[in-house]
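Take the fold first, then its parts. The path goes from the sheet to the pocket, and ends with a few single residues.

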Amino acid sequence: ATLLIMWRRIQKATNRLRERMLGAGQGNPMKIPRKHILVVESDDNSVKMLQMYLGYAKYRVTAASTCGEGLRLARIERVDLYLLGDGCEDGDAFELCRKIRALDSNTPIIFCSADASRADRRQGMSAGAQAYLAKPCELEELRRIIRRLIAGSLGRGVGAGEARAGV
């Protein structure tokens with residue numbers, strides 16, 4: 001029942017976003033050049049939801065289900081934002097964040113975690129994240145934060161253009 005409720009919320013949010021984009025004269029959202037988001041999340045349903053919703057929001061999403069895979073992709077992919085979940089079996093998301101920061105000091109990182117205590121939020125922010133959202137988060141809020149962080153990083157000349165080689 002919970003998955004069905006989540007699915008309906010995703011469908012409604014996606015339809016609203018599509019209607020706004022088409023109504024604003026932005027044309028088919030599938031043909032717009034997309035900013036790249038690397039999602040590291042162990043829950044397949046969450047990944048599918050994010051891929052669908054962020055896809056309609058003009059983002060290209062690459063997903064990794066483990067911290068090791070996420071770090072490997074962070075080394076070889078050029079991304080505009082990292083979105084880190086929790087619960088990866090092979091590692092700690094806070095440690096992954098620190099490792100990503102060692103590779104890339106500028107590209108924004110968002111935590112989206114079921115662990116939302118003050119200590120977890122502090123730990124995520126001190127590891128290098130710019131935002132920390134508690135699950136389940138509102139998709140519109142997530143989209144606004146992503147858009148704001150990517151716009152801010154592009155203003156500083158960072159993001160997908162930053163080289164990842166050598167680390």
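Start with a definition: Ala, Val, Leu, Ile, Met, Phe, Trp, Tyr, Cys and Pro count as nonpolar, Asp, Glu, Lys and Arg as charged, and the others, Gly among them, as polar. These classes return when the pocket is described. Keep in mind that this is a predicted model.

Begin with the chain as a whole. There are 6 helices and 5 strands. Read from the N terminus, the elements follow the pattern α-β-α-β-α-β-α-β-α-β-α. The chain has 167 residues, and 45% of them count as buried.

Now look at the sheet. Its 5 strands form an open sheet, and the order is 2-1-3-4-5 with parallel pairing. Which strands stand at the edges? They are strand 2 (59-64) and strand 5. Each has a single partner strand, so one side of each lacks a neighbour in the sheet. With direction ignored, neighbouring strands are turned by 20 degrees against each other on average.

Follow the pairing from the strand 2 side. Strand 1 (residues 35-40) and strand 2 run parallel and are joined by 6 bridges. Within this pair, L38 stands opposite T62 of strand 2. The chain gets from strand 1 to strand 2 by way of helix 2, in a right-handed β-α-β crossover.

Move on to strand 3 (residues 81-84). It runs parallel to strand 4, and 3 bridges join the two. One bridge partner pair is L83 with I110 in strand 4. Between these strands the chain passes through helix 4 (residues 93-103), and this β-α-β crossover is right-handed too.

L81 also sits in strand 3. Is L81 buried or exposed? Its relative accessibility is 0%, so L81 counts as buried. L81 and S153 are 72 residues apart along the chain, yet their C-alpha atoms are separated by 9.1 Å.

Strand 4 (residues 109-113) deserves a closer look. How many of its 5 residues are buried? The count is 5 of 5. In a regular strand, side chains alternate between the two faces of the sheet. Here I109, F111 and S113 point one way, while I110 and C112 point the other way. Residues on both sides of strand 4 are buried. Here the cut-off matters: buried means under 20% relative accessible area.

On its other side, strand 4 meets strand 5 (residues 131-134). These two strands run parallel, with 4 bridges between them. F111 has Y132 of strand 5 as its bridge partner. I110 is partnered with A131 in strand 5. I110 is thus a useful residue to click on: its bridge partners include L83 of strand 3 and A131 of strand 5. Helix 5 (residues 118-127) completes a right-handed β-α-β unit with strand 4 and strand 5.

Turn to the empty space. Rolling a probe the size of a water molecule over the atoms shows where such space is left. The largest pocket holds about 380 Å³. Its lining has 22 residues, of which R9, M49, P136, C137 and L139 are the closest to the centre. Which elements supply at least two residues each to the lining? Helix 1 (2-23), helix 2 (44-56), strand 3 and helix 6 (139-155) do. Helix 1 gives the most, with 7 residues.

Now use the classes from the start. The lining divides into 12 nonpolar, 3 polar and 7 charged residues. Among the residues closest to the pocket centre, R9 falls in the charged class, and M49, P136, C137 and L139 fall in the nonpolar class.

Two backbone details remain. P136, one of the residues closest to the pocket centre, lies in the loop between strand 5 and helix 6. The peptide bond that leads from K135 to P136 is cis, and its omega is near -10 degrees.

The other detail is at K58. Where is K58? Its place is the loop between helix 2 and strand 2. K58 is not a glycine, although its phi is positive, at about 80 degrees. The relative accessible area of K58 is 28%, so K58 is partly exposed.

Terms used
Residues are numbered from 1 along each chain as its sequence is written. This is a predicted model: local features need pLDDT of at least 70, side-chain atom pairs count only at pLDDT 80 or more; totals for chains, interfaces and linings use all residues. Side-chain values use heavy atoms; hydrogens and water are left out. Buried means under 20% relative accessible area, exposed over 50%, partly exposed in between (1.4 Å probe, protein chains only). Two strands pair if DSSP finds at least two bridges between them. A crossover is right-handed if, with the strands pointing away from the viewer, the path from the first strand over the helix to the second runs clockwise. On a 1 Å grid over the protein atoms alone, a cavity is a set of points where a 1.4 Å probe fits but cannot get out, and a pocket is an open set with protein on both sides within 12 Å along at least five of seven lines; lining residues have an atom within 4 Å of a point. Grid points are joined across faces, edges and corners, and a volume is the space filled by probe spheres set on the points. Axes are lines fitted to C-alpha atoms, for helices over the stretch in contact, and angles run from 0 to 180 degrees between N-to-C directions.
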